[in-house]
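Reader: Got a minute to walk me through this one? I'd like to start at the N-terminal end and work along.
Author: Sure, here it is.

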Amino acid sequence: MPSSWLNEVAAATAEGGHIHTDDEALSTTLASPLAPHSTGLTPSQLLAAAYASCLHHAAVEAAGGITDEAHTVQVRAEAKLGRDDDGRYRADVHASISSVGLSREQLAELVEHADRLWPFSRDDGGRHRLTVTPAENGRH
C-alpha cells in the first residue's frame, strides 16, 4: 500500500472507436480490431504516448535537482506489442531522455532517477520490458 496517493484521479472511456478522458482533455478516435481499415490511434501509439508523458514528468522532476534547464527535457518513447505463446500481449518500450547542457554523467543520473520514479520502471518485471537510455549526443 502506498504511503500516500496523489489527489489526482484520471479516468478515460474507450468505446465505439473513440477514447476520451472524463474531463475531455483527450478525445480521439481509435483504431479498431473490428474494423481493420479504420483510422485512429493504435494501442502501441497510446502506450508510447503514455510512457513518454509519464517519463517526461519524472525526468523534469529529477532534472530540477541537477540543472536550471529542466524545461529542455525531452523524452522519446517507442512501443511495440507482441504476443506470448498463450496469446497474452507483451509490451516492449524503449525511451530516451535528453536535456540541453547536461554532461553525459548528469544525463545518466537523470535517466536513472527518472526511471525509478514510476511503478513501471525497467526493474519492475511483469509482461513489459522498459529500456530507458540517454539520447544519443543529447538529442533524439
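Author: Strand β1, residues 12-15, runs antiparallel to strand β2, residues 18-21, and four bridges join the two. Keep in mind that this is a predicted model.

Reader: Which residue in β2 is the bridge partner of Thr13?
Author: His20 is the partner of Thr13.

Reader: And what sits between β1 and β2?
Author: Two residues, in a hairpin. Gly16 is in that turn, with a positive phi of about 55°.

Reader: Okay, zoom out. How many helices and strands in the protein?
Author: Two helices and six strands. Along the sequence the order is β-β-β-α-β-β-α-β.

Reader: Back to phi. Which residue other than glycine has a positive value?
Author: Glu24 has one, near 65°. Most residues other than glycine have a negative phi.

Reader: Where does Glu24 lie?
Author: In the loop between β2 and β3, the latter being residues 27-29.

Reader: Is Glu24 buried, exposed or partly exposed?
Author: Glu24 has 47% relative accessibility, so it counts as partly exposed. The exposed class starts over 50%.

Reader: Next hairpin. How do β4 and β5 run, and how many bridges join them?
Author: They run antiparallel, with ten bridges. β4 covers residues 74-83 and β5 covers 89-98.

Reader: Give me some residues that stand opposite each other there.
Author: Ala79 faces Val93 in β5. Leu81 stands opposite Ala91, also in β5.

Reader: What about the turn between β4 and β5?
Author: This hairpin has five residues between its strands. Gly87 is in the turn and has a positive phi of about 90°.

Reader: How many residues of β5 are buried?
Author: Seven of its ten, so β5 is mostly covered.

Reader: Any charge over a ring?
Author: Arg83 lies over the face of Tyr89, 4.1 Å from the ring centre.

Reader: And how many aromatic pairs?
Author: Zero, taking ring centres within 6.5 Å as the rule.

Reader: Helices now. How far does α1 reach?
Author: 29 Å from its first C-alpha to its last. That is close to the 30 Å expected at 1.5 Å a residue for its 21 residues.

Reader: Which residues of α1 are buried?
Author: Ala48, Tyr51, Ala52, Cys54, Leu55, Ala58, Ala59, Ala62 and Ala63.

Reader: Does α2 agree with its expected span or depart from it?
Author: It agrees. The 14 residues of α2 should span 20 Å at 1.5 Å a residue, and the end C-alpha atoms are 20 Å apart.

Reader: Which residues are buried in α2?
Author: Leu107, Leu110, Val111, Ala114 and Asp115. They cover an arc of only 125° around the axis, so they sit on the same side of α2.

Reader: What does the face turned away from that side carry?
Author: The exposed residues there are Glu105 and Arg116.

Reader: Asp115 in that buried list catches my eye. Why does it count as buried?
Author: Because its relative accessibility is 1%, and the cut-off for buried is under 20%.

Reader: How far is Asp115 from Ala59?
Author: 8.1 Å, C-alpha to C-alpha, with their positions 56 residues apart in sequence numbering.

Reader: Same for Leu107, please. How far is it from Pro134?
Author: Leu107 and Pro134 are 6.2 Å apart, C-alpha to C-alpha, and 27 residues apart in sequence. Leu107 is buried too, because its relative accessible area is 3%.

Reader: Last topic, the core. How many residues are in the largest nonpolar core?
Author: There are 23. Ala59, Val73, Val75, Ile97, Leu110 and Val132 touch the most other members.

Reader: Which elements give two or more residues to that core?
Author: α1, β4, β5 and α2.

Reader: And which gives the largest share?
Author: α1 does, with eight residues.

Reader: What share of the whole protein is buried?
Author: 29% of its 140 residues.

Reader: Good. Quick recap of the hairpins and I'm done.
Author: β1 and β2 form one with two residues between them. β4 and β5 form another, with five residues between them.

Note on methods. Residues numbered from 1 in each chain as written. Predicted model: local features only at pLDDT ≥ 70, side-chain atom pairs only at ≥ 80, totals over all residues. Heavy atoms only, no water. Core = buried A, V, L, I, M, F, W, Y, C linked by side-chain atoms within 4.5 Å. Buried < 20%, exposed > 50% of the residue type's maximum accessible area, 1.4 Å probe, protein only. Pairing = 2+ DSSP bridges. Expected span 1.5 Å × (residues − 1). Arc of directions from axis to C-beta. Phe/Tyr/Trp six-rings, centres within 6.5 Å; stacked < 30°, edge-to-face > 60°. Lys NZ or Arg CZ within 6 Å of the ring centre and 35° of its normal.
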